[in-house]
Each structure stands twice: as C-alpha cells, then as structure tokens.
Amino acid sequence: MTEKLHFQRLRRNRKYSWLRDLLSENFINQSDLILPIFIIEGSNLKQEIKNLPDIYRFSIDLAVKQAQIAHQKGIKAIMIFPVVEKNLKTADGIEALNKNNLICRAVKEIKKYCPEIGIICDVALDPYTLHGHDGVLDEKGDVANDKTVELLCKQALTQAAAGCDIIAPSDMMDGRVAAIRSALDREGFHKVVIMSYAAKYASNFYGPFRDAVGSSGNLQKADKKTYQMDFRNSREAIREILQDEKEGSDMLIIKPGMPYLDVICKASQHTNLPIIAYQVSGEYAMLKFASKHGALDYKASLHESLIAFKRAGACAIITYGALDVF
Ligand code: PBG
C-alpha cells in the first residue's frame, strides 16, 4: 500500500525551484499585456483618479510619454479612452464622429511619436452621450439597436481614418461587428483589425472606469442590462462569441476577467479566434486597495491573476497593471 502511494508522490515535481520552472505550463510576458490609457484635454496634465489608485488621466502630450514608457517596457498595444468635456456631450453622442475629437488627435500624436505601439480604440457612444448609454435612445428611452449601429460604423471609420490599428466595439449592439467590418472594407480600411467585446457582462466591476471617464454621473441610476449580458449566463456567452466570429471579428474580448474565468475557459473550447481577457477597473481597484491596506502583495497577486487568465485560455490581457508586472 505505502509502496503504491509512493508512485503517486505529486510533491516530487515541486521539490526544486528549477524543476517547478521546468514544468510550468503558463507564462506571462510583457508582450501579452495591453495598457488602457485615459485621455483628457489640455497639456502637461496628469490627473489622479480617486478609485483607481496610481492610474491617471493624461493630456495627449503626456499620454504620448506613457505610450513610450509602455513601448520601452515591451508592451505591444495600448487601449485609449477619452474623457469627453461636458459641453460636448449630447443625446446622440455626435462628437464621436468628429474627425478632430480628442481620441482622433490622441491617435495621431501617439502614432507620430510612438509608431511602434498598437493603438486600440473603443467603439461605443457612452463617453459622448448625455445619458451615459452606449447608444442612442428611441422614443421609449430604450437603446435603439440599428440606429446605434449606424453611428458606431461612422465612429469606427472616424477612428480608422485617424490611424487607429484595432477597433474594439464595446457596445454590445446586435450586428455591429458585421456592419463595422463592411463599413471599414468599403472605405478601404480592410487592414484595420476588429477586436470585439464579444461577451461583455452588465457588471458591477466597471464603477471606477465610469468615474474615470465621467460617464457614471450621466448614467445615474440607469444600468446597461438591456444590451450587456446577464452575469447569470455562460451558454449565452458562447452564442455571442460564435456570432461575432461569424460576423468577421478577428479576436474576441471577454469582460470582466477574474470573476469570469469559466467563460474564458468555455469560450476557448468553442472558438479558435484569439481570446483577450479584460481585467477591468473594479478588479484592479480590488487588488490595489487591498494591497494598500496591507492585505495583499500587489505585484505577486497581480502576477497570479494574470497567469490565471492564461490558464483559462486567454492569449492576452487588458490590465491597468500592465506596467507593474515586470
Ligand atoms: C464603454 C466601456 C466600459 C468599459 C470599457 N469600455 C464601461 C461600460 O461599459 O460601462 C469598462 C472598463 C473597465 O471597467 O475597466 N462601453
């Protein structure tokens, strides 16, 4: 009996650090990480964000520097989000289509001074709408799917024309990937990549992000449950994923990340498209606040959380901690 148990000594493979390294199945590199950057008007501005400690809103000139720092660290892509001035917000979010808006100017400047880094732009109207929803509303106050999709196509074209490499629709309207793909191709942007937020849940973990871009005040008590997914479901996520794949998405985002590892794992069994995990603002805030209070070791727990995404089947991770891992 004891003899038999000795065949099964799993601790044998864990005895030495070199052996554990030799046998480890998952790794994280700088090149697996995408850094989100918040952009504000002005120059030489670096604003703290109350609920995202150590993350800032940068004016374009400093965002360029941040992109350069990321590039030097070996990060391959950034995701940029505009903080739109209040007086530019409207019911239809039309500022999203302005060729000279904050995000377009940011794309151009970053491309000029840091051409090696990939730029990902969010497609959704929420930074631009007075009501804080990702689309326009119909007479009844519902987010109007097809009218929104038309605007999203124009928003994507505006960003592509500015030089954005990857378009990331985060709005969760039906049919937007196919519509955006056709619009891009029609206008000669067939090389522009689509990274769709395929399974994006109506999550409580986006709070700090909405504060950062100033959309929470606009949204007030409203929620996004009629377009973002119900967090009680995972089979539905597979429908979303297969749909986006069929519509021509080049890669898929699952969001949030840590509480949704099961969805990443399941998705990786249903699609061969690359899967990107989004470790969202609330997840970063949990790690950061807990470590600031001495409950967690920030770097170690961040590293562990990123490995967990790899283990689940993600090939890259969008994380506010992208500069902190190495
Ligand atoms: C906008 C958008 C959101 C996030 C990314 N793009 C917020 C939302 O859907 O309300 C959340 C990112 C995060 O929490 O880090 N559609």
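A polar contact is a pair of N or O atoms within 3.5 Å. Keep that cut-off at hand for the exercises below, and remember that this structure is a predicted model.

**Exercise 1. Find which side chains make polar contacts with the ligand, and how much of the ligand the protein buries.**

Step 1. Start at Lys200: one of its polar side-chain atoms lies 2.7 Å from an oxygen atom of the ligand. With the limit set at 3.5 Å, this pair counts as a polar contact.

Step 2. Move on to Ser281, where a polar side-chain atom also lies 2.7 Å from a ligand oxygen.

Step 3. Now try Asp122. Here the partner is a nitrogen atom of the ligand, and the distance to a polar side-chain atom of Asp122 is 3.5 Å. The ligand taken alone exposes 400 Å², and the protein buries 100% of that.

Step 4. Widen the view to the whole shell. The ligand is surrounded by 18 residues, with Lys200, Arg210, Lys255, Ser281 and Tyr320 the closest. By class, this shell holds eight nonpolar, three polar and seven charged residues.

**Exercise 2. Locate the space that holds the ligand and describe its lining.**

Step 1. Look for enclosed spaces first: the whole structure has two cavities of 30 Å³ or more.

Step 2. Place the ligand, which sits in the largest cavity. The volume of the largest cavity is about 170 Å³.

Step 3. Count the walls. The lining of the largest cavity has 21 residues, and Asp126, Lys200, Phe209, Lys224 and Lys255 lie nearest its centre. Lys200 is already familiar from its 2.7 Å pair with the ligand.

Step 4. Ask which elements contribute. Strand E4 (77-82), strand E7 (193-200) and helix H7 (207-213) each give at least two lining residues, and H7 gives the most, with three.

Step 5. Sort the lining of the largest cavity by class: ten residues are nonpolar, four polar and seven charged.

**Exercise 3. Describe the second largest cavity and its lining.**

Step 1. Its volume is about 40 Å³.

Step 2. Among the residues that line the second largest cavity are Phe81, Pro82, Asp122 and Tyr128. You met Asp122 in the first exercise, where its side chain lies 3.5 Å from a ligand nitrogen.

Step 3. E4 and helix H5 (145-162) each provide at least two residues of this lining. Six of the lining residues are nonpolar, two polar and one charged.

**Exercise 4. Find the largest pocket and say which helix gives most to its lining.**

Step 1. The largest pocket holds about 330 Å³ of space. It is lined by 20 residues, and those closest to its centre are Met172, Met173, Asp174, Tyr227 and Glu240.

Step 2. Helix H6 (176-186) and helix H9 (235-247) are the elements that give two or more residues to this lining. H9 has the largest share, six residues.

Step 3. The classes in the pocket lining are six nonpolar, five polar and nine charged.

**Exercise 5. Track down a cis peptide bond and a positive phi in the backbone.**

Step 1. Return to Lys255, one of the residues closest to the ligand. The peptide bond from Lys255 to Pro256 is cis, with omega near -5°. Pro256 belongs to the loop between strand E8 (251-255) and helix H10 (261-268).

Step 2. Then go to Asp54, in the loop between strand E2 (46-48) and strand E3 (56-59). Asp54 is not a glycine, yet its phi is positive, about 70°.

Terms used. Residues numbered from 1 in each chain as written. Predicted model: local features only at pLDDT ≥ 70, side-chain atom pairs only at ≥ 80, totals over all residues. Heavy atoms only, no water. 1 Å grid on protein atoms, 1.4 Å probe; cavity = no way out; pocket = protein on both sides within 12 Å on 5 of 7 lines; lining within 4 Å. Points joined across faces, edges and corners; volume = space filled by probe spheres on them. Helix = DSSP H or I, 4+ residues; strand = E, 2+ residues; numbered from the N terminus. Nonpolar A, V, L, I, M, F, W, Y, C, P; charged D, E, K, R; others polar. Near = heavy atom within 4 Å. Polar contact = N/O pair within 3.5 Å; in protein donor to acceptor, adjacent residues only side chain to side chain. Areas by Shrake-Rupley, 256 points an atom, 1.4 Å probe, with all protein chains shown as cover. Sits in = over half its atoms within 2 Å of the grid points.
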